[in-house]
Amino acid sequence: MSLDIKAAANVANVLTESLPYIQRFAGKTIVVKFGGNAMTDPQLNAQFARDIVLMKTVGINPIVVHGGGPQIGNLLNKLNIETRFVNGMRVTDSETMDVVEMVLGASVNKEIVNTINQHGGKAIGITGKDGSFIQARKLEVKQQTPDMLVPEIIDIGHVGEVAYINRNVIDTLIAGDFIPVIAPIGVGADGSSYNINADLVAGKIAEVLEAEKLMLLTNVSGLLDKNGDILTGLTTPQVDELIADGTIYGGMLPKIQCALDAVKAGVSASHIVDGRVAHAVLLEIFTDDGVGTLITNRR
């Protein structure tokens, strides 16, 4: 078989370009929120697993936090359990919470763990209830209409926010050379389970671990300006301005706010990454151009 010189040269160029990044990030922690199309497309799922294994192999400590909203919705439909949303958040009664734990803590979590392990990794799956790793409090949701003098507090059940992260759990897994795969289920002071937004969990874990990077995989190409062009290389004041002038709005706002909060709390950089792109994680970390929106405190 003859050697394809051009293809070989391209491979060499890619490896050469990635070397400075591998050297810079060796020994660092990178928290990746995994969700969207990359979770439901088998090919993207496998590519993501290989990316995570490669990161670990070159000395980076990847932490995976995953969602599972579509999978939860599918099982609720099969069980004829009604789904209702308030301000984009699923109302989670006790029956729904049982389904959430079944999907996030069991089927989705173990599928991701298994895929990473099949590609040569050493992943271990946990929920926030293991070792009281993610301690939660009930999320208070307020709604106000123009005719209300004060906001109305809406009870959306077992939906929580992060009160405390016990980093000893993650430190122990990293010390054992494991790749933690985390389902965003927290435990309340009374032992109740809480469903927590996976972006928020990933952000808080990145903050507590003083991670080098927080990467949020999503189903869009990144943060877009008003002309539809991707914005990247943003500083935190620039992001604040984009929020103020309405460039960032709607469903992208909570994700950007999560990324922004992490950087303001000491994470070196946050990335909004298009999870529909093959090997998106590696392309964003190890290439000059990247495939998403980068937010840092650097000026």
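**Exposed turns, a mixed sheet and a buried strand in a predicted model**

At a relative accessibility of 63%, Glu 210 counts as exposed, because the cut-off for this class is over 50%. In this predicted model, Glu 210 occupies the loop that connects helix H7 (198-208) with strand S13. Its backbone has a positive phi of about 50°, although Glu 210 is not a glycine. A negative phi is found for most residues other than glycine. Asn 80 likewise is not a glycine and has a positive phi, of about 55°. Asn 80 is located in the loop between helix H4 (69-78) and strand S3 (85-86). With a relative accessibility of 71%, Asn 80 counts as exposed.

The overall dimensions of the chain were examined next. The protein chain contains 10 helices and 16 strands. For 299 residues, a compact globule would have a radius of gyration near 19 Å, and the 20 Å computed for the protein chain agrees with this expectation. Along the principal axes, the C-alpha atoms fill a box of roughly 70 × 45 × 35 Å. Of the 299 residues, 48% are buried. The accessible surface amounts to about 14500 Å², and carbon and sulfur atoms account for 52% of this area. When contacts between residues at least 6 apart in sequence are considered, 74% of them join residues at least 24 apart. The side chains include 24 positive and 33 negative ones, and the centres of these two sets are 4 Å apart.

Eight of the strands are arranged in an open sheet with mixed pairing, in the order S5-S10-S2-S1-S13-S15-S16-S14. Strands S5 (123-127) and S14 (234-235) stand at the edges of this sheet; each has a single partner strand, so one side of each is left without a neighbour in the sheet.

At the edge formed by S14, the pairing with S16 is parallel and comprises two bridges. Within this part of the sheet, Thr 235 is placed opposite Thr 296 of S16. Strand S16 (residues 292-296) is largely enclosed by the rest of the structure, because four of its five residues are buried. Strand S15 (residues 269-274) is joined to S16 in the antiparallel sense by five bridges. Ile 272 has Thr 293 as its bridge partner in S16.

Ile 272 also appears among the contacts of Thr 218, which touches Lys 255, Ile 272, Val 273, Asp 274, Gly 275 and Arg 276 when residues up to four places away in sequence are left out. Thr 218 belongs to strand S13 (residues 213-218). The relative accessibility of Thr 218 is 11%, so this residue counts as buried under the cut-off of 20%.

Toward the edge formed by S5, attention turns to strand S10. Strands S5 and S10 run parallel and are paired over five bridges. In this pairing, Ile 124 has Pro 180 of S10 as its bridge partner. Strand S2 (residues 61-66) is also parallel to S10, and two bridges join them. Val 64 is the bridge partner of Val 181 in S10, while Val 65 stands opposite Ile 182 of S10.

Five of the five residues of S10 are buried, so this strand is largely enclosed by the rest of the structure. Ile 179, Val 181 and Ala 183 point one way from S10, whereas Pro 180 and Ile 182 point the other way; all of these residues are buried.

Val 181 illustrates the surroundings of this strand. The residue is part of S10, which spans residues 179-183. Its relative accessibility is 0%, and Val 181 therefore counts as buried. Apart from residues up to four places away in sequence, Val 181 touches Val 64, His 66, Asn 109, Ile 112, Val 113, Ile 116, Ala 123, Ile 124, Gly 125 and Ile 126. One of these residues, Val 64, is thus both a contact and a bridge partner of Val 181. Gly 68 is 113 residues away from Val 181 along the chain, and the C-alpha atoms of these two residues are separated by 13 Å.

Definitions and conventions: Residues numbered from 1 in each chain as written. Predicted model: local features only at pLDDT ≥ 70, side-chain atom pairs only at ≥ 80, totals over all residues. Heavy atoms only, no water. Buried < 20%, exposed > 50% of the residue type's maximum accessible area, 1.4 Å probe, protein only. Contact = heavy atoms within 4.5 Å. Rg over C-alpha atoms; globule rule 2.2 N^0.38 Å. Areas by Shrake-Rupley, 256 points an atom, 1.4 Å probe, with all protein chains shown as cover. Lys, Arg positive; Asp, Glu negative; His and termini not counted. Charge placed at Lys NZ, Arg CZ, Asp CG, Glu CD. Pairing = 2+ DSSP bridges.
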